[in-house]
Amino acid sequence: MKDLKEEVPHLDRMRFMQMAVDLSEQALDAGKGGPFGAIIVRGTRIVGSSGNCVFKHTDPTAHAEIMAIRDACENLGSADLSGCDIYSSGEPCPMCMAAIYWAKIGAVYFSNTEKDALRFGFVDKLILAELRMEPAKRKILSTRLKNGRALMVFEKAKGMGFGQRGN
């Protein structure tokens with residue numbers, strides 16, 4: 001199988017980024033969410049896209065990247081987006097980056113950086129700093145309540161093949 005990254009012309013990459021930026025502005029102007037947009041591409045074919053929809057869906061997880069991943073998964077009939085790249089108007093936040101890993105997307109292209117986002121009041125970097133702390137030191141109470149059955153469910157899932165295939 002050929003490496004699709006090598007086959008995507010630079011002008012197409014710039015066009016995909018422009019589309020992501022356009023989606024960010026559309027989301028903002030329509031009051032759907034913050035100024036973020038994302039496009040998911042396999043080769044030169046767009047398989048998913050979205051602007052930020054946090055306000056539209058009253059859902060703090062409805063970031064552009066998450067919504068684009070959902071769109072691509074639905075369009076492709078698979079939770080595995082191997083062979084796809086994502087173009088995002090801004091560097092993905094920790095939640096979105098985790099989803100990108102879970103979806104097995106091969107590459108991330110972004111325009112605005114995490115530092116740019118912080119300058120304009122987006123606190124992604126602060127959230128990442130919190131996540132790096134031990135649970136007991138975080139601002140949000142994070143306490144383990146051990147339940148032996150929980151590990152038994154993990155064992156059951158392992159027997160069904162979960163974990164080995166990244167799900």
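## Close-up views of the sheet, its helices and its salt bridges

**View A. The salt bridge of helix 6.** Arg 119 is exposed, its relative accessible area being 62%, where exposed stands for over 50%, buried for under 20% and partly exposed for values in between (1.4 Å probe, protein chains only). Its partner Asp 116 counts as partly exposed at 22% relative accessibility. The two side chains meet in a salt bridge with an N to O distance of 3.1 Å, the term requiring a side-chain nitrogen of Lys or Arg within 4 Å of a carboxyl oxygen of Asp or Glu. Both residues belong to helix 6 (residues 114–119), where a separation of 3 residues amounts to about one helical turn. Helices (H or I, at least four residues) and strands (E, at least two) are DSSP runs, numbered from the N terminus.

*Note to all views.* The model is a predicted one, in which local features need pLDDT of at least 70 and side-chain atom pairs count only at pLDDT 80 or more, whereas totals for chains, interfaces and linings use all residues. Residues are numbered from 1 along each chain as its sequence is written, and side-chain values use heavy atoms, with hydrogens and water left out.

**View B. The open sheet.** An open sheet of 4 strands has the order 2-1-3-4 with mixed pairing, two strands being taken as paired if DSSP finds at least two bridges between them. Strand 2 (45–51) and strand 4 (107–112) are the edge strands, each pairing on one side only. On average, and with direction ignored, neighbouring strands of this sheet are turned by 15° against each other; axes are lines fitted to C-alpha atoms, for helices over the stretch in contact, and angles run from 0 to 180 degrees between N-to-C directions. Strand 1 (residues 37–42) pairs with strand 2 in the antiparallel sense over 6 bridges, and within strand 2 Gly 48 is the bridge partner of Ile 40.

**View C. Helices on the sheet.** Helix 2 (residues 10–29) packs on the sheet and touches strand 1, strand 2, strand 3 (84–90) and strand 4, its direction making about 50° with that of strand 3; contact here means heavy atoms within 4.5 Å. Helix 4 (residues 64–76) lies across strand 1, strand 2 and strand 3, and runs at about 140° to strand 2.

**View D. The two faces of helix 2.** The 20 residues of helix 2 reach 29 Å from the first C-alpha to the last, close to the 28 Å expected at 1.5 Å a residue, that span being 1.5 Å times one less than the number of residues. Among the buried residues of helix 2 are Phe 16, Met 17, Ala 20 and Leu 23. The buried residues lie on the same side of helix 2 because they cover an arc of only 145° around the axis, the arc being that of the directions from the helix axis to the C-beta atoms. His 10, Leu 11 and Asp 29 are exposed on the face turned away from this buried side. After the helix comes Gly 31, with a positive phi near 75°.

**View E. Salt bridges of helix 2.** Arg 15 forms a salt bridge with Asp 12, the closest N and O atoms being 3.3 Å apart. Arg 15 is partly exposed at 38% relative accessible area, whereas Asp 12 counts as buried at 19%. Asp 85 forms a salt bridge with Arg 13, at a closest N and O separation of 3.9 Å. Asp 85 lies in strand 3 and Arg 13 in helix 2, so this pair ties together parts that are 72 residues apart in sequence. Asp 85 is buried at 6%, and Arg 13 counts as buried at 13%.
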